[in-house]
Structures are given as C-alpha cells and as structure tokens.
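Let's take a walk through a protein together. Have a look at the picture below and turn it around a little before you read on.

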Amino acid sequence: MALSSLQSFTLSCRSSVSTNCDNGFSVSVLGSPPAMEEQSPPIISLRFIGPEVGDEEATTSVVSGEKLLRTIILDNKLELYGLYGKVMNCGGGGSCGTCIVEILEGKDLLNERTDAEYKFLKKKPETWRLSCQTIVGDKSNSGEVVVQRLPQKKKK
C-alpha cells in the first residue's frame, strides 16, 4: 500500500523539531500552541430600590443567566413581598403573582415574560415582572438592571 505524497510529507515532518522535507519546505515546531485565555463569565450588576422614597438602595452582581431575580433578592435579604405575599406566596412556583417587581432599567438583559407572568400581570405595566419567573441574563450578555421592589406600594 503506497502512501500519498501528502501523507509521506506529514509523517516525515512530524518526527523532529526542525526538518527540511523532500519537496523543499522547511518545518519548525517551536513548542506547543499558546494556551487559550480563560474568559470570565459575563456579569450582570443589579441595583434594588425600595418601595418608599428615600429607602436604602442595595447592589449586587451575578453571573449572567444563572439565577432567578427572586433568588437574588432573597439571598440579599431584601423585602420582596407585601403583607399578603409574606403569608400566601407560592415559594417561587409562579402560581400566586405576589413577587412583583418593576424593571426600571435593563429589561433587555432579562428573559421574555413567561405564560405565568402574562396571566398575573395582564393589566399591569409592561415593566412589571414576577421575580420568580425572571432569569437575570442569558449567559452571554452583561450590563446593569435597576429593580423597584414592591412597585404596588410605590408612592406617586
């Protein structure tokens, strides 16, 4: 079985660090290819505003696409529920509509509204979301999201 000239070239040139091949080409191997730089995942910064004017603001950052807004709020020990919601929330299942937030900035960094949100928020502003249905980021985007907690209590 005869080797083609390309196979022969490949075999003869792999055997040494630097060699001249029969066809006039010179091949040099200077070491292994450079290692790919490890990229850090995209980050979403969140700023939370309380329902009352003058409420303290809270900030945090999360890896894009890895957490629900409800989880982030509760992990940071921020108030999420009104009086009824504290007692009657569904625990994040999307079946009660009590974890409402308003997205003031950065709504393009969140997932689209889910069916549960369309059901519970059909007469509410487009900026209102159920935090248990809202994924922060999509694993490829980064930026800032500003969240108004308890928008239904907001003083106008």
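**A walk that starts at Arg129**

Let's begin with one residue and its surroundings. Leaving aside residues up to four places away in sequence, Arg129 touches Cys99, Ile100, Val101, Ile103, Leu110, Asn111, Glu112, Arg113, Glu117, Leu121 and Thr134. You can find Arg129 in strand β7. Is Arg129 buried or exposed? Its relative accessible area is 6%, and since buried means under 20%, Arg129 counts as buried.

Now look at what the side chain of Arg129 does there. It reaches the backbone oxygen of Asn111 at 2.9 Å. The backbone oxygen of Glu112 is also within reach, lying 3.4 Å from a polar atom of the Arg129 side chain. Both Asn111 and Glu112 appear among the residues that Arg129 touches.

Another name on that list deserves a stop of its own. Which residue forms a salt bridge with Arg129? The partner is Glu117, and the closest N and O atoms of the pair are 2.6 Å apart. Glu117 sits in helix α4, which covers residues 115-120, while Arg129 belongs to strand β7, residues 128-130, so this salt bridge ties together parts that are 12 residues apart in sequence. Both members of the pair, Glu117 and Arg129, are buried.

Let's step back for a moment and take in the whole chain. Please keep in mind that this is a predicted model. The protein chain has 4 helices and 9 strands. Read from the N terminus on, its elements follow the order α-β-β-β-β-β-α-α-β-α-β-β-β. Of the 156 residues in the chain, 36% are buried. How much of the contact pattern comes from residues 24 or more positions apart? Among contacts with a separation of 6 or more, such residues account for 59%.

With that overview in mind, we can return to the salt bridges. How many salt bridges are there in the model? The count comes to 6. One of them joins Glu57 to Arg47, with the closest N and O atoms 3.4 Å apart. This pair links distant parts of the chain: Arg47 is in strand β3 (43-49), whereas Glu57 is in the loop between β3 and β4 (58-63), 10 residues apart. Glu57 has a relative accessibility of 42% and counts as partly exposed. Arg47 is partly exposed too, at 23%. There is a third member to meet here, as Arg47, Glu57 and Glu144 are linked in a network of salt bridges.

Next comes the salt bridge between Lys67 and Asp75, whose closest N and O atoms are 3.3 Å apart. Lys67 has a relative accessible area of 35%, which makes it partly exposed. Asp75, with 47%, is partly exposed as well.

Let's finish on the outside of the protein. The accessible surface of the chain comes to about 10400 Å², and 52% of it belongs to carbon and sulfur atoms. Which residues make a nonpolar patch on this surface? Tyr84, Val87 and Met88 do, and their patch is about 360 Å². Val87 has its place in helix α3, residues 83-88. Why does Val87 count as exposed? Its relative accessibility is 64%, and exposed means over 50%.

Conventions: Residues are numbered from 1 along each chain as its sequence is written. This is a predicted model: local features need pLDDT of at least 70, side-chain atom pairs count only at pLDDT 80 or more; totals for chains, interfaces and linings use all residues. Side-chain values use heavy atoms; hydrogens and water are left out. A salt bridge is a side-chain nitrogen of Lys or Arg within 4 Å of a carboxyl oxygen of Asp or Glu. Helices (H or I, at least four residues) and strands (E, at least two) are DSSP runs, numbered from the N terminus. Buried means under 20% relative accessible area, exposed over 50%, partly exposed in between (1.4 Å probe, protein chains only). A polar contact is a pair of N or O atoms within 3.5 Å; within protein, one must be able to donate a hydrogen and the other to accept it, and residues adjacent in sequence count only if both atoms are side-chain atoms. Contact means heavy atoms within 4.5 Å. Accessible areas come from the Shrake-Rupley method with a 1.4 Å probe; for residues, only the protein chains shown count as cover. Patches are made of residues with over 30% relative accessible area and no salt bridge: like charges are joined within 9 Å, nonpolar side chains (Val, Leu, Ile, Met, Phe, Trp, Tyr) within 5 Å.
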